[in-house]
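Open the model in your viewer and keep the selection tool at hand. This tour makes two stops.

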Amino acid sequence: MRGSVAIAGVGLAGCGEAPGWTEMEIAAAAAKNALADAGLSARDVDGIVIASTNIFMSGLALAEHLGIRPKFTESSMLGGSSFVGHLIPAALALNAGLCDTVLVAYGSNQRTGTGRAEAGRHKMALDPQPFEHPYKPFNPPSSYALAAARHMHQYGTTREQLAEIAVAARRWAQLNPEAFAREPLTADEVLKSRMISDPLTVRDCCLVTDGGGAYVITRAGRAGDFPKPSAYLLGAASAHWHRQISSMPDLTVTAATESGARAFAMAGLGPRDVDVLELYDAFTINTLLFLEDLGFCAKGEGGAFVAGGRIAPGGSLPVNTNGGGLSCVHPGMYGIFLLVEAVRQLRGEAGARQVKGAQVALAHGNGGVLSSQITALLGTKDTL
Amino acid sequence: MSPPSGPEQQYFERLAAGRFEIQRCAACARHVFYPRVLCPHCGGDQLDWVPASGRGTVYSTTVVRRKPADGGDYNVCLVDLAEGVRMMSRVAGLPPAEVKIGMAVNARIAEGLVEFTPA
């Protein structure tokens, strides 16, 4: 699989607020932008990939909207990590010759759409979780709060250290004209903002925005056909050990330990080879856990690792260079945005937030409540 | 002969009758929670109901913030039972922020649910 497929086009749409747009329309607009980025049209697509929390048979819905009759369709729903996970079946289908041009898309109107509370009640009725719902955890924040609290208890991690993660994300967002939250943010402001589920305040939690993203992926041999440099898949792996937080074996260790190890092994790389990291930061605790579990620092040392601006602009390890889910965009599922930013960094298109000479990018997706963990490594042609 | 209902319903029937019981695998002797069809540890398919001691330790805890008009803040926690399984619950009888990791707690049944009080 290493080096066999490459992302030829990426696009975003509706990020921030897109009032009056449906979920599918935002996904289609992002698809249009990704296709244009690759110099292609929807007529060229023969593989369709999407994930949605709301749309039943979402693969059929996207193909219908775009007027495509795909030879390959994938709509695995693993939570926000899905779009990183989709690299694997897309690669398998492309390598098997089932199709030639795969479009992966996502869209959401979580912020401006109506009827969310009612939809939430319907979901609970359809999918009751009788060993958690009766206690009324405010999910997802409460589940992540439980993980943060345990990490603080076991390792002495502090709220101040978690706040540094929010501050770093905001500083990257300030370099990104497309980011939603760009006002200056101090650690003190994070600590003093409204508590949601202890120990996480509203600034420890991701944004609630609209937005969509898409990418086009092909076999690597076609990379020369496209107007911009492709980003090659070097490694990808998926792992999950639980769905509900009450079933997570150890709240301080995620399955990223497994997905990261397998992705690095496929790529023949290690943490020291990574130039830029995009880690699914639905909550500040995520960034900390993934830095530990992917091997960038030892277990328990994530707090010290992020202190002093190490992951902020100007620090030694660029993390979440678009501003992340915490400050750039977060429409319910964030996975596709990890890959769009990774590709832009590898192409040298990231403007003021460009990591100079970035050749290897790591995109790590998280789904559910620290449940689905999916790691991908992308590289420039020189890394093949 | 197959049992009259699935393990989830059997659990809640026992709870409604005032009995907090959990499964134990006949093959590997480990306890299981939440109730399941197969033992998640060894894959065994004979799971017997045994009374839970009710003793537990708070593994993690949070306070869900809620406006006073809507009922005010409340506790949600994860409790490790003495039998070696974990469940989500709440600790009653003290302010939600005073529930601490490591606190010893005892189970009781309230409103058809298992909740805990400090031991």
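Start by selecting A:Glu132. This residue is buried (under 20% relative accessible area, 1.4 Å probe, protein chains only). Yet A:Glu132 has no salt bridge (a side-chain nitrogen of Lys or Arg within 4 Å of a carboxyl oxygen of Asp or Glu). The nearest side chain of opposite charge, A:Arg243, is 8.6 Å away.

A word on the model. It is predicted: local features need pLDDT of at least 70, side-chain atom pairs count only at pLDDT 80 or more, and totals for chains, interfaces and linings use all residues. Residues are numbered from 1 along each chain as its sequence is written, chains are lettered from A and ligands numbered from 1 in the order in which they are written, and side-chain values use heavy atoms, without hydrogens and water.

What does the side chain of A:Glu132 reach? Show the backbone nitrogen of A:Ile245, at 3.4 Å. Then show A:Ser246: its side chain and that of A:Glu132 are joined by a polar contact of 2.6 Å (a pair of N or O atoms within 3.5 Å, one able to donate a hydrogen and the other to accept it).

Now move to chain B. Select its open sheet of three strands, with order 2-1-3 and antiparallel pairing (strands are DSSP E runs of at least two residues; two pair if DSSP finds at least two bridges between them). Strand 2 (31–32) and strand 3 (47–51) of chain B stand at the edges, each with a single partner strand, so one side of each is left without a neighbour in the sheet. Strand 1 (residues 21–25) of chain B pairs with strand 3 over five bridges. Finish on B:Cys25, opposite B:Leu47 in strand 3 of chain B.

Technical notes:
Helices (H or I, at least four residues) and strands (E, at least two) are DSSP runs, numbered from the N terminus. Buried means under 20% relative accessible area, exposed over 50%, partly exposed in between (1.4 Å probe, protein chains only). Lys and Arg count as positive and Asp and Glu as negative; His and the chain ends are not counted.
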